[in-house]
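This is a walk through one protein chain and the ligand it holds. Keep the sequence and the 3D view open while reading.

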Amino acid sequence: MKSEAEQFEKVGTVVYESSDEACRVLATEVASLIRQRKAASKNAVLGLATGSTPVPFYRELIRLHREEGLSFENVITFNLDEYFGLEPQHHESYFRFMRDQLFDHVNLPDSQIHIPPGMVTREEVYTACREYEAKIEAVGGIDLQILGIGRTGHIGFNEPGSSQDSLTRMITLDKITREDAARDFLGIENVPRFALTMGVGTILRARRIALMAWGENKADIVAKAVEGEVTEAISASFLQRHENAQFLLDRGASRSLTRVKHPWLVGPVKWDDQLIRRAVTWLSNRLEKPVLKLLDEDYNEHGMSDLLTECGPAYHLNIRIFNELQHTITGWPGGKPNEDDRYRPERALPYPKRSLFLVPEPMDDVPAVGGTINRLIEQGHRVDVVFLTSGNLGVSDGSVEHFATVLNDLAQGRGSNAWKEPVRYAGQLLGDLENKGPFGEDTAALRRLKGLVRRGEARQALHDCGMGADRIHFLDLPFYESGRYRRFASGEADVEALRECLTKFRPHQIYMTGSASDPSSVTGVCYRVFQSTLQKTAKRKWRSDCRIWLYRSSERPLGSYEIDMAVPMSPDQLKEKLSALSHYDHEPEGVSERDRMVARYYDQLGLANYEAIEAFQEWSE
Ligand code: GLP
């Protein structure tokens with residue numbers, strides 16, 4: 001039975017506190033399916049997915065196998081898809097992914113594993129796909145199909161335009177999908193253009209379907225698939241037509257559902273300060289009216305009459321929210337010394353402050369907080385920037401080649417002994433590159449050099465924001481150095497490294513990002529390490545005088561109702577920040593649009609009209 005809150009949802013949807021919790025629930029369901037089937041001497045047939053989303057779910061299955069004796073002997077698996085033309089041993093093939101993430105860690109017989117054959121010739125594709133369908137049918141169909149969701153709303157690789165009845169076939173990958181895979185393949189030019197995928201029809205035949213989605217970047221597409229019309233443009237929306245399909249979401253991925261985003265539209269709510277601010281700014285946006293011009297009837301006509309009863313009339317409520325919003329704006333992110341700070345986001349004292357910026361990967365910093373760093377320095381605070389990971393995975397082989405060639409060229413004709421070592425080093429780098437090929441695992445020497453390339457870019461960009469090199473630090477967290485995109489796993493060593501760092505700096509302010517990210521992304525993993533570190537340092541003296549400000553790097557910007565501190569930028573300040581970005585090998589896109597968009601929020605609400613704004617949310621337990 002659907003609750004009132006779920007009235008807009010056209011398919012079963014459960015929101016969990018965290019992705020870990022959702023994965024535990026789903027893995028428990030899978031385990032009981034496997035055991036029940038075993039008790040009846042039958043097989044359990046699972047449809048499996050790839051991508052970062054199911055990784056924590058597979059880890060939980062592996063744990064159940066190791067610690068609770070869950071056997072996979074009677075399990076048969078069918079994977080959703082595979083890139084066309086990719087060798088099974090390729091680092092990015094789904095075959096390899098499944099081996100690394102699940103199959104090599106449980107007792108699943110090889111003969112019971114099925115993955116669409118990416119290496120068939122074009123002529124063989126049709127037959128191979130028919131055979132795949134036939135194999136699924138021969139074992140009695142799929143009992144439980146696991147799914148993730150792509151940014152285009154695809155399931156498997158069923159890109160927009162896939163019909164409800166489509167079966168296993170070859171498909172051309174959408175541009176967005178290829179862009180999303182570009183990082184894994186070290187450049188979009190390396191991402192295959194085609195894939196084999198189960199069809200929407202194949203998926204819908206499964207007896208039960210569980211679609212998982214984590215992080216705020218998935219929120220909009222999830223809401224469309226769950227609450228919108230069924231459409232070929234979003235293949236996940238077809239799950240609405242299945243009797244036993246369910247979306248399992250973490251809080252980030254649920255954020256655009258009506259019951260989460262606009263709870264007052266689905267039933268009575270308990271109004272708290274944040275919700276009131278959200279409702280009023282939403283109304284102002286919706287009606288394209290400044291906050292101060294909202295009328296009683298505007299509130300009444302949009303499901304907020306109870307809010308007026310509690311906090312009205314509109315005139316009072318409008319002024320209250322207008323003031324709250326106005327108090328978030330400050331040109332003094334470190335607090336304004338010698339001023340009354342009752343209505344300012346940051347306290348005036350201590351002055352100067354020790355402000356610490358934690359940055360998951362080089363390039364997450366300047367685009368999001370470059371202007372704020374600059375202001376803090378100009379206002380006399382001690383600012384340190386700590387890069388949590390080296391970012392070396394994002395540096396191309398071409399940069400290494402370039403470096404080695406320059407070294408060799410420099411040594412040309414110099415014959416002296418001093419050049420022997422650099423030339424040997426250049427030779428080693430070039431040899432390593434050749435041995436590993438374009439997609440092989442980088443050797444330690446390659447990763448180190450790539451890390452240094454990133455360090456150089458990061459230092460130069462921060463230099464333009466006014467930072468001295470001695471205030472820039474690199475933590476190189478171990479989870480990143482031993483990992484690969486979509487498959488990172490942090491541990492004690494990461495938490496310990498960050499704990500030591502925070503204890504050394506004893507900051508008055510920490511700036512951090514990742515609270516709304518996919519938990520398996522670099523920012524998401526870093527945020528979890530940060531959370532654990534906060535728990536470990538909760539009783540330290542410095543913590544009692546430390547405020548934590550959350551920023552958004554590449555994720556969706558904070559909504560106007562979430563912003564606790566808005567640091568405005570003049571046109572010149574924005575220009576300076578953008579020019580600092582030119583130091584990066586690949587300049588991040590959309591930075592000025594994001595900053596301008598936040599400024600527009602404030603303008604639309606009837607506050608000041610700034611060129612751009614960097615926004616922060618205060619962290620609370
Ligand atoms: C690829 C896969 C999908 C997966 C999607 C999202 O397109 N073919 O099965 O759901 O990526 O990936 P991620 O979970 O990494 O966000």
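**From strands to ligand**

Leu550 has Gln617, in β17, as its bridge partner. The model in which this pair is found is a predicted one. The two strands concerned are β15, residues 547-551, and β17, residues 612-618. β15 and β17 run antiparallel and are joined by two bridges.

These two strands belong to an open sheet of seven, in which the order is β13-β12-β11-β14-β15-β17-β16 and the pairing is mixed. Which strands stand at the edges? They are β13 (472-474) and β16 (565-569); each has a single partner strand, so one side of each is left without a neighbour in the sheet. From one strand to the next, the twist averages 25°.

To place this sheet in the chain, consider the domains. Domain 1 covers 17-259 and domain 2 covers 263-328. Domain 3 is made of two segments, 354-395 and 440-618, while domain 4 takes up 397-436. Between the C-alpha centres of domain 1 and domain 4 there is a distance of 44 Å.

Another open sheet is built from three strands, with β4, β8 and β7 following one another in that order and pairing antiparallel. Here the edges are taken by β4 (81-83) and β7 (169-172), and because each has a single partner strand, one side of each is left without a neighbour in the sheet. On average, neighbouring strands of this sheet are turned by 30° against each other, direction ignored. The pairing of β7 with β8, which spans residues 194-197, is antiparallel and runs over four bridges. Within β8, Phe194 is the bridge partner of Thr172. Across β7 and β8 lies helix α4, residues 122-138, which runs at about 125° to β7.

A further strand, β10, spans residues 245-249 and contains Gln246. The side chain of Gln246 makes a polar contact of 2.9 Å with the side chain of Arg208. Apart from neighbours within four places in sequence, the residues in contact with Gln246 are Gly12, Val14, Arg208, Ile209, Ala210 and Leu211.

Next comes the ligand. How many residues surround the ligand? There are 13, and the closest are Ser52, Thr53, His154, Lys218 and Arg486. Some of the polar approaches involve the protein backbone: a polar backbone atom of Ser52 is 2.7 Å from an oxygen atom of the ligand, and for a polar backbone atom of Ile149 the distance to a ligand oxygen atom is 3.3 Å. Arg486 contributes its side chain, with a polar atom 2.4 Å from an oxygen atom of the ligand. On its own the ligand has 390 Å² of accessible area, and the protein covers 92% of this.

Finally, some details of backbone geometry deserve a look. Most residues other than glycine have a negative phi, and most peptide bonds are trans. Leu349 and Pro350 are joined by a cis peptide bond, with omega at about 0°. Pro350 sits in the loop that lies between α12 (314-328) and β11 (354-359). The peptide bond from Tyr351 to Pro352 is cis as well, and its omega is near -10°. Pro352, too, is placed in the loop between α12 and β11.

Where is Met363 found? It is in the loop between β11 and α13, the latter spanning 366-378. Although Met363 is not a glycine, its phi is positive, at about 100°. The strand before that loop, β11, is one of the strands in the order β13-β12-β11-β14-β15-β17-β16, which leads back to the sheet in which Leu550 and Gln617 are bridge partners.

Note on methods. Residues are numbered from 1 along each chain as its sequence is written. This is a predicted model: local features need pLDDT of at least 70, side-chain atom pairs count only at pLDDT 80 or more; totals for chains, interfaces and linings use all residues. Side-chain values use heavy atoms; hydrogens and water are left out. Domain bounds come from an automatic or database domain assignment. Two strands pair if DSSP finds at least two bridges between them. Axes are lines fitted to C-alpha atoms, for helices over the stretch in contact, and angles run from 0 to 180 degrees between N-to-C directions. Contact means heavy atoms within 4.5 Å. A residue is near a molecule or strand if one of its heavy atoms lies within 4 Å of it. A polar contact is a pair of N or O atoms within 3.5 Å; within protein, one must be able to donate a hydrogen and the other to accept it, and residues adjacent in sequence count only if both atoms are side-chain atoms. Accessible areas come from the Shrake-Rupley method with a 1.4 Å probe; for residues, only the protein chains shown count as cover.
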